[in-house]
Amino acid sequence: MSERLADLTTMRVGGPARHTVTATTEEELVEAVRATDAAGEPLLVVGGGSNLVVSDDGFSGTVVRVATRGVRVESDDACAGVVVRVAAGEVWDDVVARAVAEGWAGIEALSGIPGSAGATPVQNVGAYGQEVSQTLSQVRVWDRTEQRVRTLFPADCRFSYRHSLLKESMQRSGGVTPRYVVLDMTFQLRPGGLSEPVAYADLARGLGVEPGARVPLADARAAVPDTWSCGSFFTNPVLTEEEFAALRERVHARLGPDAEPPRFPGADGRVKTSAAWLIDRAGFGKGHGLPGPAALSTKHTLAITNRGSARAADVIALARELRDGVAEAFGVVLVNEPVLVGLAL
Ligand SMILES: Cc1cc2nc3c(=O)[nH]c(=O)nc-3n(C[C@H](O)[C@H](O)[C@H](O)COP(=O)(O)OP(=O)(O)OC[C@H]3O[C@@H](n4cnc5c(N)ncnc54)[C@H](O)[C@@H]3O)c2cc1C
């Protein structure tokens with residue numbers, strides 16, 4: 001069967017796939033991936049399609065949709081915490097909702113993020129100071145190279161900001177699916193009903209507490225505003241100190257001596273800055289590009305939205321305009337966060 005990728009992705013752009021398979025069991029998932037690879041066909045594994053921008057020409061290979069289900073509590077004790085195994089095809093936000101309802105802490109700030117559980121290790125999904133890497137204890141995968149099921153531990157996954165071994169394997173091969181297809185994953189969560197310390201000042205303010213405080217889990221989940229959780233089109237640039245100093249100079253030259261680019265020092269000596277800030281200060285405000293067909297979100301300058309009739313070409317044209325505008329203004333080249341299929345910036 002062949003389906004349009006526009007119908008399988010939240011960006012709602014993309015032409016047809018040559019072939020589409022929906023896998024509802026782990027066996028079906030492994031078999032579909034194995035058979036596609038054995039036939040030398042391009043493979044695109046799709047969960048919720050919320051981090052994919054697909055070409056208007058479609059995908060000349062097999063799309064495997066992950067629709068496996070299952071959330072199982074493997075152990076629950078006060079010392080080791082709650083160990084929960086989640087099938088790759090589970091809807092991520094349902095997993096977060098269940099954890100909050102059960103009083104298990106560790107993923108509550110990742111509320112409202114669309115997509116499947118199985119995709120979360122790929123870019124080490126994160127929001128408001130939490131990342132899945134903080135609570136993931138195991139990821140069971142089908143290794144497409146070694147043709148066997150393997151268990152990856154956090155150290156194997158080489159997690160960093162919006163990055164992992166899985167994403168690296170995809171980029172290295174030039175493909176659009178990682179070498180490691182996630183079958184299920186195990187989280188180690190903390191029982192007790194209170195959130196992990198609230199890491200983000202804005203979130204803490206919304207909750208009426210000091211940063212670092214713990215709050216009831218349901219409050220933490222409710223405080224994550226939908227309007228902020230827009231799909232980011234670019235990752236936040238991570239710069240060396242020298243690169244950051246050069247950025248500051250460009251910012252002062254363009255915006256005056258009082259303007260300061262956001263600076264978040266990392267443990268590795270590098271500095272993260274804000275892609276949204278750079279886009280905004282380069283002259284692309286909220287709603288830039290309206291009425292569309294593709295335009296910046298009216299709520300956040302990091303999200304490119306399809307206003308209804310956009311094609312992939314419109315999305316990419318806007319993304320290029322932003323990337324080139326920021327590069328020209330500040331000398332920083334933004335990198336796309338979503339996986340581009342048949343497209344390049
Ligand atoms: C409104 C909105 C808000 C968002 N907010 C955030 C946010 O706050 N933080 C954040 O980090 N992200 C955010 N995202 C991005 C996105 O939701 C996440 O990256 C999510 O994990 C993607 O899941 P998916 O199932 O939709 O992946 P898909 O888009 O289906 O796939 C993305 C990539 O993952 C691969 N993949 C999918 N399933 C598997 C699997 N089982 N095994 C191996 N590879 C797989 C695909 O092959 C593809 O390369 C947001 C997106 C939107 C639209």
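Here is a short tour of a predicted model, one selection at a time.

**Stop 1: helix 7**

Select residues 241-255. That's helix 7, with 15 residues. From first C-alpha to last it reaches 20 Å, close to the 21 Å expected at 1.5 Å a residue.

Now show the side chains of Phe-244, Leu-247 and Val-251, the buried residues of this helix. Turn the view to look down the axis: the buried residues fall within an arc of 55 degrees, so they line one face of helix 7. What do they pack against? Colour strand 13 (238-239), strand 15 (271-272), helix 8 (275-281) and helix 9 (312-330), and you have the answer.

Flip to the face turned away from the buried side. There you'll find the exposed residues Glu-242, Glu-249 and Ala-253. Before leaving, click on Gly-256, just after the helix, where phi is positive at about 100 degrees.

**Stop 2: the three-stranded sheet**

Keep strand 13 and strand 15 on screen and add strand 14 (264-265). Together these make an open sheet in the order 13-15-14, with antiparallel pairing. Strands of a sheet pair through backbone hydrogen bonds, so switch to a backbone view here. Which strands are at the edges? Strand 13 and strand 14, each pairing on one side only.

Zoom in on strand 13 and strand 15, which are joined by two bridges. Pick Val-238 and look across to strand 15: its bridge partner there is Lys-272.

**Stop 3: the cores**

Next, select Leu-44, Trp-92, Ile-107 and Phe-187. They belong to the largest nonpolar core, which has 65 residues, and they touch the most other members. Add strand 12 (residues 180-191), which supplies the largest share of this core, seven residues.

Centre on Trp-92. Leaving aside neighbours within four places in sequence, Trp-92 is in contact with Ile-107, Leu-110, Ile-113, Gly-115, Ser-116, Ala-117, Thr-120, Val-132 and Phe-187.

A second, separate core has 35 residues, including Met-11, Leu-239, Ile-316 and Val-332.

**Stop 4: Leu-340**

Finish at strand 18 (residues 339-341), and pick Leu-340. Is Leu-340 buried or exposed? With a relative accessible area of 13%, it is buried. Beyond neighbours within four places in sequence, the contacts of Leu-340 are Val-53, Val-176, Phe-233, Ile-316 and Leu-345.

For a last look, draw a C-alpha to C-alpha distance from Leu-340 back to Trp-92: the two are 22 Å apart in space and 248 residues apart in sequence.

Key:
Residues numbered from 1 in each chain as written. Predicted model: local features only at pLDDT ≥ 70, side-chain atom pairs only at ≥ 80, totals over all residues. Heavy atoms only, no water. Helix = DSSP H or I, 4+ residues; strand = E, 2+ residues; numbered from the N terminus. Expected span 1.5 Å × (residues − 1). Buried < 20%, exposed > 50% of the residue type's maximum accessible area, 1.4 Å probe, protein only. Arc of directions from axis to C-beta. Contact = heavy atoms within 4.5 Å. Core = buried A, V, L, I, M, F, W, Y, C linked by side-chain atoms within 4.5 Å. Pairing = 2+ DSSP bridges.
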